[in-house]
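Student: I have a model open and would like to learn how to read its strands and helices. Could you take me through them?

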Amino acid sequence: MTVTVVVGNPKPASRTLDAGVRVARALRPEVEPQVIDLVTLGPGLLGWGDPAVAAAARAVAESELVVFASPTFKATFTGLLKLFLEQFDGGTGLAGVVTVPVMLGAGPAHALAPDLLLKPVLVEIGGTAALPGLYLADRSFAEDGVIEDYARRWAPVVAALTDLPVEATNHA
């Protein structure tokens with residue numbers, strides 16, 4: 001099982017990174033997630049063909065579970081994350097990948113942003129977005145219990161989606 005956290009915060013080693021890792025560990029505690037902090041990819045995200053960006057995209061596409069984490073910025077996810085998501089082919093780029101949209105914000109005004117803004121993009125590029133998005137208060141997520149409650153409800157779904165043998169999905 002490969003679990004990856006993609007962090008779209010323009011600040012390195014951010015609270016967004018911490019939150020994304022916490023969500024990934026709560027959903028699959030037996031697996032240490034790989035982290036891709038997009039800010040470290042720099043200007044390579046502005047085009048196609050950068051080896052580091054290609055390697056990061058390949059790692060995401062080969063993962064079974066990916067938590068996409070972004071702060072709420074101008075009422076949506078960051079441009080940094082959007083630049084990375086542009087690296088994936090429409091409809092197939094994340095085929096077979098269970099995706100979890102996570103966004104952080106200062107208050108409840110944008111609580112629907114993960115489902116209304118980030119999730120449709122993940123679906124457009126082929127991700128399996130069976131779980132609801134998760135919106136976290138950026139100042140209290142580490143101790144408010146929201147991540148733990150989310151994981152109690154949704155970890156069994158993640159396990160079912162990621163542990164299903166390929167043969168069981170072939171109805172031919």
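Tutor: Gladly! Let's start with pairing: two strands pair if DSSP finds at least two bridges between them. Strands (E, at least two residues) and helices (H or I, at least four) are DSSP runs, numbered from the N terminus. This is a predicted model, in which local features need pLDDT of at least 70 and side-chain atom pairs count only at pLDDT 80 or more, while totals for chains, interfaces and linings use all residues. Residues are numbered from 1 along each chain as its sequence is written, and side-chain values use heavy atoms, with hydrogens and water left out.

Student: Which strands does β1 pair with?

Tutor: β1 (residues 3-7) runs parallel to β3 (residues 65-71), with 5 bridges joining them. β1 also pairs with β2 (residues 34-37), again in the parallel sense, over 4 bridges. Val6 is a handy residue to click on: Ile36 stands opposite in β2, and Phe68 is the bridge partner in β3. Likewise, Thr4 has Val66 as its bridge partner in β3.

Student: What is the order of the strands in the sheet?

Tutor: The sheet is open, has 5 strands with parallel pairing, and reads β2-β1-β3-β4-β5. β2 and β5 (134-137) are at the edges with a single partner strand each, so one side of each has no neighbour in the sheet. On average, neighbouring strands are turned by 20° against each other, direction ignored.

Student: How many bridges join β3 to β4?

Tutor: There are 7 bridges between β3 and β4 (residues 98-105), and the two strands run parallel. Val66 stands opposite Thr99 in β4, and Val67 opposite Val100.

Student: How do I read the two faces of a strand?

Tutor: In a regular strand, side chains alternate between the two faces of the sheet. Then ask about burial: buried means under 20% relative accessible area, exposed over 50%, and partly exposed in between (1.4 Å probe, protein chains only). In β3, 7 of the 7 residues are buried, so the strand is largely enclosed by the rest of the structure. Leu65, Val67, Ala69 and Pro71 are on one side of β3, with Val66, Phe68 and Ser70 on the other. For β1, 5 of its 5 residues are buried: Val3, Val5 and Val7 on one side, Thr4 and Val6 on the other.

Student: Which helices lie across these strands?

Tutor: Contact means heavy atoms within 4.5 Å. Angles run from 0 to 180 degrees between N-to-C directions, and axes are lines fitted to C-alpha atoms, for helices over the stretch in contact. Helix α2 (residues 51-61) lies across β1, β2 and β3, at about 140° to β2. Helix α4 (residues 113-124) lies across β3, β4 and β5, at about 145° to β4.

Student: At what angle do α1 and α5 pack?

Tutor: α1 (residues 15-27) and α5 (residues 146-163) pack at about 50°, with axes 8 Å apart. Angles under 35 degrees count as roughly parallel, over 145 as roughly antiparallel, 65 to 115 as roughly perpendicular and the rest as oblique. The two helices are therefore oblique to each other. In α1, the contact residues are Ala19, Arg22, Val23, Ala26 and Leu27; among their counterparts in α5 are Tyr150, Trp154 and Val158.

Student: Is Arg28 buried or exposed?

Tutor: Arg28, in the loop between α1 and β2, counts as buried because its relative accessibility is 8%. Leaving aside neighbours within four places in sequence, Arg28 has contacts that include Met1, Val3, Leu65 and Asp163.
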